[in-house]
Each structure stands twice: as structure tokens, then as C-alpha cells.
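Visitor: Could you take one part of this model and walk me through it closely? I'd like to see how its pieces fit together, and I'm happy with a long answer.

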Amino acid sequence: MEFFKIRRDIPFMRHALVFNIISFATFALAVFFLITRGLHLSVEFTGGTLMEVNYTQAANVGKIRDTVAGLGLTDVQVQNFGTSRDVMIRLPAQKGVSTAQQSANVLAALKAADPDVTLRRTEFVGPQVGEELAHDGLKALGMVVFGIMVYLAFRFEWKYAVAAIIANLHDVVIILGFFAFFQWEFSLAVLAAVLAVLGYSVNESVVIFDRIRENFRRYRKMNTIQIIDNAITSTISRTIITHGSTQIMVLSMLLFGGPTLFYFALALTIGILFGIYSSVFVAAAIAMWLGIKREDLIKASAKKDEDPNDPNAGATV
Amino acid sequence: MNRYPAWKYAIIVVALLIAALYTLPNFFGEAPAVQVSSAKSTVKVDTATMARVEQTLKDAGIAASAIAFDGNSVKARFTDTDTQLKAKDAIQKSLVPDAADPSYVIALNLLSLSPSWLAQLHAFPMYLGLDLRGGVHLMLQVDMQAALTKRAESLSGDIRSSLREKNIRHGGISRNGQTIEIKLRDPAALASTKALIQDQFADLQTTEAADGAEYRLTASIKPEATRRIQDQALKQNIVTLHNRVNELGVAEPVIQQQGVDRIVVQLPGIQDPARVQAIIGRTATLEMRLVDDSAEARAVMTGGLVPFGSEKFPDINGSPVVVKKQVLVTGENLTDAQAGFESQKQEPNVSLTLDAKGGRVMRDVSRENMNKPMAILLFEKGKGQAISVATIRGELGTRFSISGAMNISAANDLALLLRAGSLAAPMEIIEERTIGPTLGADNISKGFHSVSWGFVVIVAFMAAYYMLFGLFSGLALAVNLLLLVAVLSMLQATLTLPGMAAMALALGMAIDSNVLINERVREELRNGASPQAAIHAGYERAWATILDSNISTLIAGLALLAFGSGPVRGFAVVHCIGILTSMFSAVFFSRGLVNLWYGRQKKLKSVSIGTVWRPATSGAVATK
């Protein structure tokens, strides 16, 4: 089987400007929604109590809402969670009432209204913990960005590091934009997914950069644009197949992982799709605008005609 | 060129064998069990306890499939939950006759069915997190400021009495937050006070200031002492929590320090957070009182009435002790208790440190009651127990010791009980999670399905697309899963639902390395390389790329590990391990397979790697 029968290098870089404009527009849109709508943060970040209850028959969400409101609690969210029989109740943090009391009260009221209810889980997070989590999340993001940039600058050159990070932060912002636009719940698991995407999608850019470096060594007559086009073309089948495989796993999580893993898998899906796009069209293009050159990468081995490690020396055209 | 030396194959075989061995316990499943552990630090569980449990079960006619003693607890395994519940009742009746005062914790547990030789190799099933097995998770914040304030308060009392002892006149001592302010009238008093604090209070540092005609000396707790006080407070709270959690009858409670001022409590199998909070939040008190040694009081032993003005409490052996109602010193005055060794008499003792107020009372009382017994009572849940009865042998002050008739472990236990009587600092619950048992089981099956379906589809695709090489990749992926499970079992790292998600993701990403290699081999073939050269070049060239991309992914993983908490951490651990194992399986192991299959064939004509499509225009990859 072979899906990719590409006769000649696809001139990706000819349209670099168009891609960059598309990217910028998506990015701007994502930022716009992040600012105007904001993220729908989970209890982990905001603090408060979350209860998940299960009924043997389809739950009457409206009735549950009335029951909970009858307790004098305000700002309570009641919604189905996964199936029609599972219901999630979010209670804001209250002063003076201990959490166990709060969830016990709610459960007692629900039991009184319908004895056929079981508690699946409760979760309480104090407000100070939430703040810390948000803080730590940002710190982790900063560390990831910094660490990857240093590594890429060391292995390649600063231009590549900058290009890869811009491309991948663009992915992250777009994922966040999706979560803001649809008001999907942004939980700790989603944060983990976002950071994993950052590492994963850099991975993608690295593969292409690696090929660019190799091409600079191998094809001494090509100019930078040709080199990049060739690098992308020769790695495109690997890109699609790898992402396809990862996506199969993520899809499996999306389908079988249940509601807890749903948004996690969703964030990964968006991350993978935009990851392909950004590393192919954005990272390489930015690297091109930044003016990558052959001399940047092969200072030491520039004098030699062939890579000494290349067992295939001279075998190619 | 595509041959591995024998030692490389040896590494692969050994790694696979070890991995298989450590993965093995996960397949045996679990059986219902009853676990007997100590509820009090004064009660030891040993082989004698095991014999009692055996005898009890025999008497009740219940057959246990195995009974074992593991150093801290006796575990009896049963074939079904009905027998388990019956056995629990029988053991409860026999070992804990008084339900209000349990010496043992009898808890229901699940035990791995893996054979004992695996356990001897420290091969255990993966440690499941609470979200997979159900239970209560609490995070408590210890109020360190309160601990420091308490300490400053007792220090200010100590300074006051020291100044009085030395006849240094002062214009008042007051505590201002966590600092102590002493007003002094003349420079001589200032100098001697400073000297005194330096001499006797190593925890304090002083600064002085002129305040009109007077002088003001401000003493504050040194930073290193602050750290020590905080550390002690946290440790003491953990010990207290352990004692209280024991009452809940949890098989494997986890009580751990997290960060500087937090404690995490995890109680698998518990479903009632309100009860947990009630027990954890309870306060215990410690009291020192004189023992009533009048004739009437002694008559109580033989069944007489308790005299007026006295009370009866059981001691740790259960025999009654009659003590006076008047409380001399409470736990509030006790600042420290340490087990030690008295050099003169060559016997273990427990040294107690009281604050100034307690010391003053103790001095007066001991002077008047020389050679009379004194009892230390611990009140919990409104019930008192005499944890120590000792005779006063001299004039006691802020520091004194209890000795005689104890061995080292008894001394340690007593010191622990004295310290653990109350919380060193108040705590507040800042995070609470309760996961029902059905949800835990659901989560396991969801995680399992995600991993297995994704795995099957990927392997099927790889085999179809890359033929034999795809099959090798699939095998490598299976090895990766095996290694991942083995490492997680070995490290006994907590596996959570996000961890299972990370496992799925790790497999999805690990295949990337194999795709890189396979594509590279195809490309070499397309460019006209001989099959052997193509395999060699494919692996060699893909390696640099694989290393680069895995390191950048690992950087992200490590950052998550460093800054993540809770679910993120569970994800990050598996993520990082998965990256490392994938380097071994996808590159080293799959190369081994390929070498084994193709390496020996000198005149290899073709390799089974799916279609190697060549453009009609020969050899031109990069023509324009």
C-alpha cells in the first residue's frame, strides 16, 4: 500500500504567505474568543463543589435543579454528564458550610425527592488551590516553551527554535480558542492535553527541520525554498501516517473513554489536526522568513563534500 | 551490517523476561480479603495475632484460602465476598470484644491473587489511584502561622519566668503576633536580658530599640527554628491523623506530606466523606492528674465505689486507675515529648517538656506530692485513658522524664501518644474528592477499552500498510505496552484515569518512531539502495530524528511532572515513562527483529515493507 505517490516536490513555500495569513486569522479569532468569552474553567480552577449522581432511569434535570435551588443554594449548575442517567451538579464555594455538609445536604434532598439516586463522586476544591493550579499551569507552560527553545537552539539554531515555538504556541492558542468559543469545560486534564500537544507538535516541526538540515548537507545546489519544499514533501507521508495513528488512539479515547476523558481527547484532536497544519505550513514558513541558511547549520562539516556518517554517500542523484 | 552481536539480543531477551515477570501480577486479579492491623500504637500485630485469626476462623468454620503476616498486618484471603463478610464478623467478635475501644482495625480489602513467589520478588500489580478504585481523597492545609503563634506564646511565658528566676526587672512582656516584646528600664537589664535569651533560648533572635527613656527588646523566632517548628507541627499532625484514620478501618490509608504545609489523606474504599471529616477534625486532649492513692480508691480495684472528687479510667492494659478530678497540666502546656535513654540507670525513658506555666504548676505539685503517683490521661471521643502512671521522684520543672518498667519500644509508643494527643496546628480541608466504587470500576474499563481498541486498530493498519515491517512495528508497540506496564508495576507509581489516557497517547506517539523508520527504509529503497543498505540507512538516519523529537516531547513531559499536581501528575508520570520505553522498543527492539529476520540473508532481493512506489521518471526525487 502507498497513499502518497508524489512525483515531484510540492511547492509549499510558494503559498507560504497565504498560509501565514490563514494562520494569523485563526489565531486572531482564537484570541478574540478567549478575550470576549473566556474559558469555562472547571471546579479545579475556580474552587467549589462538584457532585456526580446516578439514577437508574433517565434523570429529570429540571426537577433536580428545583430540588437543589430549594436548599437556598444559588448559582448552581445541573447538567447531564455522559449519559441521561448521570447528572453533574456544580455548587459554588460557600462560606461557613463545610463541604461534606454541603454535598451531604444536597444528596439528602435529592434522596428525599427521588430515593433512586446514588452518589458517584464528589469533588471539592478550595479557592486557594484553584489559584495555585492556574499558576502552576502557566509555570509549566513557560517551562515547556523555554526548555524546548533551548533544546532546539542547541540542536539546530535559534531561528528554528523561534519558528517551532511560534508555530506551536499558535496551536495552543487555537485549542484554547475552541474551548472558549464552544464554552467546553477547561479542566486540569485538558491543561495536561494542551501541554502534551505542545510537546507533540514540536516533535512534528523537529522532523521537518531535521530533514531541512539533512537536505542542506545533501543537495548543495538547491536554494532554501527548494530545500524546504523537498523536506516537507519527503516527510509528508510520515507526517500523515503518524498523526493518523495517534489520532486513532485519541479517537478510541473519545469513543470509549467516557465523559471524563472526552474533553481531554477533544483537546488532543484539535491539537493534532492543527499540529499537522502548523508544522507543515507555519513553522517552515516562519523559519524561511527568518532567513535560515545552509551556513547556519553546517559550519563544521561545510568543508567536506559528504556527510561522513552517510553510508549512502554518492548513491543519490 | 544488519546483525546484532549476541549481547544485544541478550539485553532484549533479559529486558523482555524481566518485563514479563513484573507485568505478570496484573493478570491474576484480586480476591476479597480481611485485613487485621493495629489500631493503637501500644498494640502490636505479630505472628501470635495471625495464630489468633487462624484459630478464630477455624472455630467459626470459615475456610480462608490463605492467611499471611506481612510485618504490619495479618491478611486472610477468601474465595468470595460472602465468606469475606462472615469472616470479618467472626474476627471482629474475637479480636475486638469492645467495639467502643478497638485494639485492632478489621478492614475489608482486596488482595492480589498473584502467587507468593512473585510478591517475594517485589512484583506487585500496578497501584491504582482513587479514581480507579473508589475512595475519599482529602488535602489538608496546616495553619503554620497558628503553630508559630502558639510557640511564641509559650516562649514568652518561659522568658517571663526565666527573668523572674534571675531577678531581672522588666517593664512588661507581651506577644505581638509571632514576636515577643520585652520592655526594660535600664541598659544593664537590657544587656542581661539579651544574654539570658542568647543563653537559654536558642530558637530566638533579638533586636533592641530605644523607646523614649526605656528600651524595647524584640525577640523573634529564628528562621531555622521556624522551619523546625513547622516541620514538627506537620509531622505531629500526620501522626495524629494516622491514629484517627485507624478508627475508620481502612485497609491501606495513605497519609503523606505534600509541599511545606499540606497533608494528603487517601482512603481507598471509604464512601462517606462526612464521617471522615468528623473523625479527622476531632480534637483530643491530654491531661496530667494526680492518682488518688487513698484507701477508698485502692478499694476500687476490688470492686469498691469511686471516692468523691475522683474518677476512674482504664490504663493501657485495661485495669482501672483512680485519679483526682483536679487537672494539673493539659496537653496545651506540653511542648514536646521524646523517647530517650537514661545513662545512669541504663533504662529507656521519655523526656517531657512543658511550657513555663506548666512547669510552674508541676514544680509546686511535685514538691507537695513527692513519691506519689501521677497519671497522664488521653481523652478522645470523650473517653479517657491513662496512658502513663508514674511516681514523682523529685521536684519537677519544665523538663522532666518518665522512666522505669518500659522497654525502648514502649518508650517510643508513649512519646508518640503524648505528642499525638492533639494536633500541633489547626488544619483546614482545601480539597476533597470522593469517588464511588462503581465509577472506579467504570473508569478502569473505559481506560482499558480506550487503550485496547486504539492498539488493535493501529497494529492492523501498520500490518496492512507496511506488511512485515508493520507487523514488526506492531510487535514493538506491544513490547512498549509490556515495558510500560512493567515499569509502572515496578515503581508502584499510582495509575489514574489520566495515566491510562497517557498510556493510550504514549502508544499513539510511540508508533511515530516506527513510521519514521519504515518511511525512511522505503525512501532508501525508492532511491535505489539495496535492501540491506536500505534497512541500515533507514534505521541510522531515522535515529537522529527520533531522538530529537522524543527529547522535545520529554521536555514537555518533565515540565508537567514538575509543576503538575493531581491528575496532571498522573498523566505526566506515564507520559514520561512511555517516551523512554518507546525509545527502547521502537528502535532497539524492532531493529533486533528486523536483523533476526533479514540480517543473515546475504543476497537479500526484497523486503516486505509494502509498496515501494517509484515515480516513472527514474530516481528523481528532487528534480524541478
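Guide: Before we start, one working rule: two residues are in contact if their C-beta atoms, placed from the backbone, lie within 7 Å. Keep in mind, too, that this is a predicted model. Let's zoom in on the place where chain A meets chain B.

The contact draws on 73 residues of chain A and 75 residues of chain B. On the chain A side, the elements giving two or more residues are α4 (99-113), β5 (117-125), α5 (127-155), α7 (188-218), α8 (224-256) and α9 (258-289). The top contributor there is α8(A), with 15 residues. Sort that side of chain A by residue type and you get 38 nonpolar, 22 polar and 13 charged.

Now for the strand to follow, β5(A). Across the chain boundary, β5(A) pairs with β22 of chain B (residues 427-435) in the antiparallel sense, over five bridges. If you want a spot to click on, try F124(A), which stands opposite E432(B) in β22(B). Within chain A, β5(A) also pairs with β2 (residues 48-55), again antiparallel, over eight bridges. A handy marker for that pairing is M51(A), whose bridge partner in β5(A) is T122(A).

Step back and these pairings belong to an open sheet of eight strands, in the order β3(A)-β4(A)-β2(A)-β5(A)-β22(B)-β6(B)-β12(B)-β11(B), with antiparallel pairing. Its edge strands are β3 (77-81) of chain A and β11 (254-258) of chain B, each pairing on one side only. From one strand to the next, the twist averages 20°. Lying across the chain B strands β6 (135-142), β11, β12 (262-268) and β22 is a helix of that chain, α8(B) (residues 223-246), and it runs at about 15° to β12(B).

Next, have a look at α5(A), another of the elements on the side of chain A that touches chain B. How well does its length agree with what its 29 residues should span? At 1.5 Å a residue, α5(A) should span 42 Å, and its end C-alpha atoms are 42 Å apart, so the two agree. The buried residues of α5(A) are V129(A), G130(A), L133(A), G137(A), A140(A), L141(A), V144(A), V145(A), I148(A) and L152(A). If the spacing of those numbers looks familiar, here's the background: an α-helix has 3.6 residues a turn, so residues three or four places apart point the same way.

What do those buried residues pack against? In chain A, their partners are α2 (43-46), β5, α6 (158-182) and α7. In chain B, they pack against β22 and α15 (531-563). That brings us back to β5(A) and β22(B), the two strands that pair over five bridges.

Finally, a word on how the chains are laid out. Chain A is divided into domain 1 (12-40 + 129-303) and domain 2 (48-125), and the centres of these two, taken over C-alpha atoms, are separated by 40 Å. Chain B is divided into domain 1 (6-23 + 437-598), domain 2 (32-113), domain 3 (145-224) and domain 4 (285-425). There, 56 Å separate the centres of domain 2 and domain 3, again taken over C-alpha atoms.

Terms used. Residues are numbered from 1 along each chain as its sequence is written. Chains are lettered from A and ligands numbered from 1 in the order in which they are written. This is a predicted model: local features need pLDDT of at least 70, side-chain atom pairs count only at pLDDT 80 or more; totals for chains, interfaces and linings use all residues. Helices (H or I, at least four residues) and strands (E, at least two) are DSSP runs, numbered from the N terminus. Ala, Val, Leu, Ile, Met, Phe, Trp, Tyr, Cys and Pro count as nonpolar, Asp, Glu, Lys and Arg as charged, and the others, Gly among them, as polar. Two strands pair if DSSP finds at least two bridges between them. The expected span of a helix is 1.5 Å times one less than its number of residues. A residue is buried if 20 or more other C-beta atoms lie within 10 Å of its own, exposed if 12 or fewer, and partly exposed in between; C-beta atoms are placed from the backbone. Axes are lines fitted to C-alpha atoms, for helices over the stretch in contact, and angles run from 0 to 180 degrees between N-to-C directions. Domain bounds come from an automatic or database domain assignment.
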